[in-house]
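Trainee: I have just opened this structure and would like a guided tour. Could we go through it together, one question at a time?

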Amino acid sequence: MKSISLTAILILSINILFSFTPHFMSDPAISPDGNKVCFVYQNDLWSVNFEGGIAQRLTATDANESGPVYSPDGKFIAYSSNKSGVYGIYIIPKDGGKAKFITNESGSLVSWYPNGKSLLLTKHTPGEPTFFIKINIDNLKISEVAGIGDFYGDISKDAQHIIYNKHGYPYREKYKGTLNGDLWEINLKNNSYTQLTNTLFSERYPKYSYSQKDVIYFCQPIKDVFQLMKVTNHDFLHPEQLTSFKTWSARDIDVANKNDRIVFEHFDKIWKYNPLTKKSSELKIRINEDCSNNPIVHKNLKNNADNYAVSPDGKWIAFSYKYDLFAVPTNGGEVKQLTFSQNGIDEITIMNDNKTVYFTSYLKGNTELFSLSITNPEEIKHYGWKNTFINRLEHSINDKLYLSISTKNKSSRLAVFNPENGNYRILAKNKVVWTNFVVSPDSTYALYAETKSETFDRILYLYDFKSGKSKQIYQNYGWIGNIFWGKDGTSAFFNQSKNIVRLDLFAKKDFENEKDNWKKIFEPKKKTEKKKKITTKIDFKNIDSRITSIINKDGWNYIVAVPNDSTIYYCHSFKDKKDIRSISYFGKNDKLLKSLGNSSSNISYNSKTKLLFAISNGKLFKSKISGMENPKPIGYEFSYDYNKNKLNVNVFYQAWKAFGNGFYDSKMQGVNWNKIGKKYSKFSEYLTNTSTLGMVVDEMIGEVNASHTGFYERDESKIKNLPIAYLGAEFDYNNIPQKGIKFKKIYLGAKLNQPFNLKENDILLAVDGINIDRKHTLNSLLTDKINKKIKLKISQKGKIINVEIKGLSYSQQSRLRYDNWVNERENMVNKWSNGKIGYLHIKSMDQPSLAKFRQDLYAKNYDKKALIIDVRNNGGGRIHNDLIEELTKKPYGILARRYMDGKKVQTPANVDSMPKVVLINQNSFSDAEIFPHLIKELKLATIIGVATSGSVIGTSPHKLMDGSSMRMPSNGWWLLDNTNMESNGCQPDIEVKMSPENIINDNDLQLKKAVEELQKQIK
């Protein structure tokens, strides 16, 4: 016995010695007896004892496994996986083994039914509410359980109730607004919904107790983090707090059926709660197998490049690929890798010595300046300045390096770099400059354009190097950029929106450019005569009147180079085609030089070699500027290795710095952003996959409690997710026949509607010759068929109809659903008001929606007595100024036209003065919140609905070095009384809430109330 004990101890010691503690496990599930915990780690399922110890692997696939749930008898685990290319539901024995496929009916697993025979899932279709479905494990019968639900929920022990959380942000514990999470309960006997919580903040992750009567567990934020809570007898006004975390939230809880042991996520760990001791603690997990993937990625490459710079003499090229810098001769050949830091490369420029390379790279996420010599690339110099990052490099004709820099409180300032002391000097201190900075041929002046903060219009400035002062040249209502000097000393060129214009530096005489051929005869040029030195002279008097458009074509036109004193090379991009063309300074002799593919980018010209360079589909090409030959690859091969784990760390730091540098409030809404970055950087060694990276960045950004945020990691999945096609219809999951599935609604614009004239309750029997049954679900038969011909067999009142239609994408289905929804609202308003009240919906705050708004306002609803403007479910954009301008126009005169019978009409005629209602809800976002805010301020209409969510920050996508992206909330919005619209939603004048029953039955109470209010005003 003694020897056995020593052996056991020895084995245990060896296991501990070679095991490790995992981090960032997720989706914990606890067995009914509370003795086992299943969780997800590195996209696989594992299980461990409730007391902790060595975890056992249950799955080992290339797929993403998630959401495990134990069966009521504890023998099986149901979970989601995309192993087939489509997310489906599988069941596996509790200790591992062969998984059984259940369904891929695009459902998210919620829970087992208490009898262990069925699963509860949520299902979602484009534009429609998420709803609950039930699937029988044995016969695979599917049925709708409730018309509205959500992903986090549970079913009661008697299977008569479902609890779920509606809305709520998992990473914004401090959020207060109409999109906060509330708990709801569904009575399945009568399909009634009861709201259980109604606080200012979010409640999430509800679970029933099966061992205690009328006990519910959930999470609620206390002191800015979610705590584990408990209520008895549905007394949600007096919940019991079970945890007291100071940092990191409790999330995604699960409760053991027999004893109420609880497990939950707590940032990078799984924690447990023991109801006997009433204490929570970390679930100590060890893994004693090497489950890490090789982080090294090896690539053999040919002509690949992401960015590049050609040396002034045209003999070699510095280029970036992925995360490092390389060099290759222009004629191809051996590639030199110049950096090995894997810190990413942004800007590249080569100086006139044809040796020195300046580039920007990310150091702990900050964009900083580096240099090296191609003759000695090992010696890399770093130039870093505290609280400063580099936006852009500009190498000019005078062989100086100009920088665009930003600091904490100053954005995009022009500076000149001094290589001798490694410092910079600001040139235009109070000007925000997003354009290039170009030095004149004689190095006495430079041109650039300032961006006006008020209107985003641009002002062209001339910088005098001698005086160090800037002088305004031209103020443009719109965009200016891509500036070039002419080489004749008398002209400059730039883009004015899509047009290219010439600026004459001084007034020119008539016929000044007319050639005198007699002069060549009588005054022949001497062979020894040197080329005349160009001196830049400028006459500022009426200089803005000397701007002439020389290129005005459809599409986009931009200058590529100014090769000599009479010619411009430019790119004309139009209708999936890019052409390189030449034209004279005066807009004459416009001719095609070279056609490039539409994918061509980073187009440049080298004057020494007279070669054109471009990147196309990730490859670096060169070409003669004219001629019929196609661009050719430079001709080089190389290999490159990088470490994915190191890359994830670098991307984390880049996201941290980028968000801190770009967020609209430099004070980060009261959060110490440097402290936050340090707090999360401690976990950087555990960023071994992109899903963990994304979670950590989202958690970090959530500390700021801001809208318009989100991190979208690069896709590294080994299994390609196959999209599901749609048919322009909704299907009835509430009453599924023995064969096929019924149409619940066919959208107005769908091909099934016209020309095939299908109706509700018609039955879809087969797709592409395969009958729809419990083994062949509709989703499985529509997988990977977007834009493909689909053959449908349909039963209509006993008659078989065969049709062929094209499979629709998610966005196409969503558009059809939207158009159908709007048409239904129009018909409702027309019916309820006897045609007196008009209706229009603004889908989003973009230019197509603005055009439709004008059409609906001035044409479709021109003769109405009143108007409903609906911005519910509008995701935002940037047209609120245009909308308000249309709604505040006033007539200023009367006009009569003889050819229109002399009838007197007010002018302008497209002026609207009818009574209005604006409809809003919690899904009116961003600019669709600014618009009703302004409507209210100007008293232009009555606002009806529920308050908007308070998500008002101007945002744009920000791409990171690895292809990941994040939303950058860079613009803030305030009312004139300095009320920040962020976190302060627009409040309705008349509040009308929509219950789940109203939404399910499409009983649009908000729309009804709008009609009622307007009818009072037009009587």
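Trainee: In the hairpin of β28 and β29, which residue takes a positive phi?

Mentor: Good place to start, and keep in mind that this is a predicted model. Strand β28 (residues 307-310) pairs with β29 in the antiparallel sense over 4 bridges, and one bridge partner set is Asn 307 with Ser 320 in β29. Between the strands of this hairpin there are 5 residues, and the one with a positive phi, near 75°, is Gly 314.

Trainee: β29 and β30 form a hairpin too, so to speak; which residue in the turn has a positive phi there?

Mentor: Here 6 bridges join β29 to strand β30 (residues 324-329), and the two run antiparallel. Tyr 321 has Asp 324 in β30 as its bridge partner. The hairpin has 2 residues between its strands, and the turn residue with a positive phi of about 55° is Lys 322.

Trainee: Is strand β29 largely enclosed by the rest of the structure or largely open, and why?

Mentor: Let's look at its side chains, which in a regular strand alternate between the two faces of the sheet. Trp 316, Ala 318 and Ser 320 point one way from β29, while Ile 317, Phe 319 and Tyr 321 point the other way, and all are buried. Because 6 of the 6 residues of β29 (residues 316-321) are buried, the strand is largely enclosed.

Trainee: Which helix gives the largest share of the largest nonpolar core?

Mentor: That core has 57 residues, and those with the most contacts inside it include Ile 317, Phe 319, Phe 652 and Trp 673. Its largest share, 9 residues, comes from residues 644-662, which form helix α3.

Trainee: How many residues are in the other core, which lies apart from it?

Mentor: A general idea helps first: in soluble globular proteins, nonpolar side chains tend to be buried together. The other core lies apart from the largest one and has Val 69, Leu 140, Ala 725 and Tyr 747 among its members. Its size is 44 residues.

Trainee: Do α8 and α9 pack roughly parallel or roughly antiparallel?

Mentor: Helix α8 (residues 847-860) and helix α9 (residues 880-888) have axes 11 Å apart, at an angle of about 15°. Where they meet, α8 contributes Leu 850, Phe 853, Arg 854, Leu 857 and Tyr 858, and α9 contributes Asp 882, Leu 883, Glu 886 and Leu 887. The crossing of α8 past α9 is right-handed. Angles under 35 degrees count as roughly parallel, so α8 and α9 are roughly parallel.

Trainee: In the open sheet with the order β1-β2-β3-β5, which are the edge strands?

Mentor: This sheet has 4 strands with antiparallel pairing. Within it, β2 (residues 36-41) and β3 (residues 44-49) pair over 6 bridges, with Leu 45 in β3 as the bridge partner of Val 40. The strands that pair on one side only are the edges, β1 (26-30) and β5 (56-57).

Trainee: And in the open sheet β48-β49-β50-β51, what does the twist average from one strand to the next?

Mentor: This is an open sheet of 4 strands with antiparallel pairing, and its edge strands are β48 (556-561) and β51 (591-596). Strands β49 (residues 567-573) and β50 (residues 578-584) are joined by 7 bridges, and Thr 567 stands opposite Ser 584 in β50. From one strand to the next, the twist averages 30°.

Terms used. Residues numbered from 1 in each chain as written. Predicted model: local features only at pLDDT ≥ 70, side-chain atom pairs only at ≥ 80, totals over all residues. Heavy atoms only, no water. Core = buried A, V, L, I, M, F, W, Y, C linked by side-chain atoms within 4.5 Å. Buried < 20%, exposed > 50% of the residue type's maximum accessible area, 1.4 Å probe, protein only. Pairing = 2+ DSSP bridges. Axes fitted to C-alpha atoms, helices over the stretch in contact; angles between N-to-C directions. Parallel < 35°, antiparallel > 145°, perpendicular 65-115°, else oblique. Left-handed = near helix turned anticlockwise from the far one by under 90°. Contact = heavy atoms within 4.5 Å.
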